[in-house]
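Open the model in your viewer and keep a selection box handy. We will begin with the whole chain and then visit a few places inside it.

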Amino acid sequence: MQQYNSPSYLLLNNWDNQSIWVVTGVPIPNPQLNGFPIFNTSVRNIYVSNKGILNVSLNINIETKSAFLNLNNTIILVSNKGNISVLMPPKTPYVLLLLKMSSGSSIIISSNTSIVQINRDTLLINESPQIFIYTNTSYKIEKNLLNLSINEGKWFVELSIGNIPNRNISNLIKLNDYEVSEWLNASKLPKLPHALLREYYLSLLLIKDDQNPYLGTFAASPSPIYLYSWIRDSAFSAIALQDAGHYQSALKFWLWMSNAVQIQPGVWYTRYNFYNGQPDTSFGIDELDSIGLFELGVYNYYILTNNITFLKQILPTINKSVEYQITEINQSKYHLLPPDLSVWEDRNAYHFWTEAINDIGLESVIKIYEILGINDSSIVLAERELNESILNHFWNNNYFASALGTSVIFENGKNEIVLSPEPPSIDAATLLPIDLGYLSLSSNYSVSNFNTVVSDLNRSGGLARFPDDLYHYSEYLYDSSGPEPPWIITTLFEALYLEKIGKVNEALNILYWTYDHSQNGLLPEALDPNTLYPLPTTSPLTWSSAMFVIDALNYPSTANNETNASITIIILLIVIVLAVIIITLFMTRRRRK
């Protein structure tokens, strides 16, 4: 089986109002079977704020061997003809391609409008906005095609979108490195070993680049089949950024979500168009965890920023969600939120994930109301009812059942509709709500559920989602050699629990495990269960990077201190022992004299 160590798709943006989609040229298996568009190495989907995607693309004539993202937020393409760097200096209108070629190649820039020459090194695409091309290559214009001839040596192509060319390539490179360095240095610093710090920073950059810089939405992945903004994945991306100290990026998402079109008052669609923020009405039914994630996410944002103006601004959206939650809990025979597709989108049922996330959300709203001086006893009663109902219905001997369906019991001539677990019942998704505070980590429920899930779902160091998981194998995507691939996010759910109960060495081993199974530092959705190679069709996954950031920042700062203290104690003991030996030898020699 081929080892896919490089991503096939990446997003890059200027952290202001422009974004590009880079098709790296690294092949994926069965692209047509999986419905992937067939593109060679190229820069596409040039997006400009309220203009949308421009009809311009750059097709690069190389065979890419590997691709990766550098810590200066530059995409590197390593090919049979040389290396190409792609960068967008933050807060500028420029896209740079820097080429160091060992043999000849070409770049074809296509547009649906005319391309005209301004002077020997400058051309203009009559798009809206206009795009200037500044290059040191030779070229040939054919109406709406520009063919750049690339020989052996060093070359550059500068796209200036809606602005005149900069022309100072070296200054743009320095500006890019400076701005990216400043942004990374502004991040909260977790107490992790150096290799994992690199993964932390790369994960932050991946999340930042996967955000629409104008709207605030997040792509679930640069992969074309995931190039949408799922509310759930996006909420964790925003939480990761705000935990890391990047409040403006997170704020942009929460404000977008607060104003997004809803399927009904208080309830969001499952996913939205990444580029225009409109709901994808064709995709499934509601996934109700988005309600609780909004509530706990905005409360977490307030705790970090003390921005009470923000709370007041989004209060109408919170009120609509709370009204929906209370109504549904009170009207339900089981005092639960309605059935939904939930986290894995595999079945319509009552899901532990959805119910527990909403319980945490209601607890967050209770605290928000207290901050704003709002007294509402109905929400306290609804949260209590929901919490108790989850325990009563979902607890299944020694673990929380993932999903419940309805069944009919006939007894004494009467029938009664009851809830019962649906297989597969054991699920790694039951871990994270507990990590986030649904229950005390030390409760018998939490401990038993954790032990059961980890024992049943551990696959070569990672956690599968649930038994007989066929996604990526025989149900869809078809890039896995077997069922039950371990997922990065589920494995990081386990690590977060271990961190919070103080088992820091076990948690650290899991963080290393995820880093060791990345695509040059970019985290996939899942790994092949037999080879542990990254599954390429959905890599990199933004939520995987977000969970790594969340785990990194939850890694106890005392862990390294404890290690250092232990080392110090050992050194002191060695010094004492040596001192005793030296003194003993000295005294022995004196007696002999």
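Start with everything selected: of the contacts in the protein chain with a separation of 6 or more, 65% are between residues 24 or more positions apart. Keep in mind throughout that this is a predicted model. The protein chain holds 14 helices and 26 strands. Its radius of gyration is 27 Å, close to the 25 Å given by the globule rule for 593 residues, so the chain is as compact as a globular protein of that length. Align the view to the principal axes and the C-alpha atoms fill a box of roughly 100 × 85 × 50 Å. Colour by accessibility next: buried residues are 58% of the 593 in the chain.

**Stop one: the nonpolar cores**

In soluble globular proteins, nonpolar side chains tend to be buried together. Which residues have the most contacts inside the largest nonpolar core? Select Ile107, Trp254, Tyr438 and Trp543, and you have them, in a core of 180 residues. Now add helix 7 (residues 352-372), which supplies the largest share of this core, ten residues. A second, separate core has eight residues, including Tyr94, Phe156, Ile169 and Leu172.

**Stop two: Tyr438 and Leu391**

Centre on Tyr438 and show its surroundings. Leaving aside neighbours within four places in sequence, Tyr438 is in contact with Phe352, Ala356, Asp359, Ile360, Asn387, Ile390, Leu391, Phe400 and Pro433. Pick Leu391 from that set; you will find this residue in helix 8 (residues 377-394). Is Leu391 buried or exposed? Its relative accessibility is 19%, and the cut-off for buried is under 20%, so Leu391 counts as buried. Beyond its neighbours within four places in sequence, Leu391 is in contact with Phe400, Tyr438, Leu439 and Tyr445. For a distance check, pick the C-alpha atoms of Leu391 and Thr281: they are 34 Å apart, with the two positions 110 residues apart along the chain.

**Stop three: helix 11**

Select residues 488-500 to see helix 11, which has 13 residues. From its first C-alpha to its last, helix 11 reaches 18 Å, close to the 18 Å expected at 1.5 Å a residue. Why can helix 11 be called largely enclosed by the rest of the structure? Because twelve of its 13 residues are buried. Among those buried residues are Phe493, Glu494, Tyr497 and Glu499. Step past the end of helix 11 to Gly502, where phi is positive, near 90 degrees.

**Stop four: a hairpin**

Show strand 6 (residues 64-69) and strand 7 (residues 75-79) together. The two strands run antiparallel and are joined by five bridges. To see one of these pairings, select Ala67 and its bridge partner in strand 7, Leu77. Strands 6 and 7 form a hairpin with five residues between them, and in the turn Asn73 has a positive phi of about 60 degrees.

**Last stop: Ser42**

Finish at Ser42, in strand 3 (residues 42-48). Ser42 is buried, with a relative accessible area of 1%. What lies 2.9 Å from a polar atom of the Ser42 side chain? Turn on the backbone of Asn40, and you will find its oxygen there. The Ser42 side chain also has a polar contact of 3.2 Å with the side chain of Arg44. Outside the four places on either side in sequence, the contacts of Ser42 are Trp21, Val22, Val23, Leu58, Asn59 and Ile60.

Key:
Residues numbered from 1 in each chain as written. Predicted model: local features only at pLDDT ≥ 70, side-chain atom pairs only at ≥ 80, totals over all residues. Heavy atoms only, no water. Helix = DSSP H or I, 4+ residues; strand = E, 2+ residues; numbered from the N terminus. Buried < 20%, exposed > 50% of the residue type's maximum accessible area, 1.4 Å probe, protein only. Polar contact = N/O pair within 3.5 Å; in protein donor to acceptor, adjacent residues only side chain to side chain. Contact = heavy atoms within 4.5 Å. Pairing = 2+ DSSP bridges. Core = buried A, V, L, I, M, F, W, Y, C linked by side-chain atoms within 4.5 Å. Expected span 1.5 Å × (residues − 1). Rg over C-alpha atoms; globule rule 2.2 N^0.38 Å.
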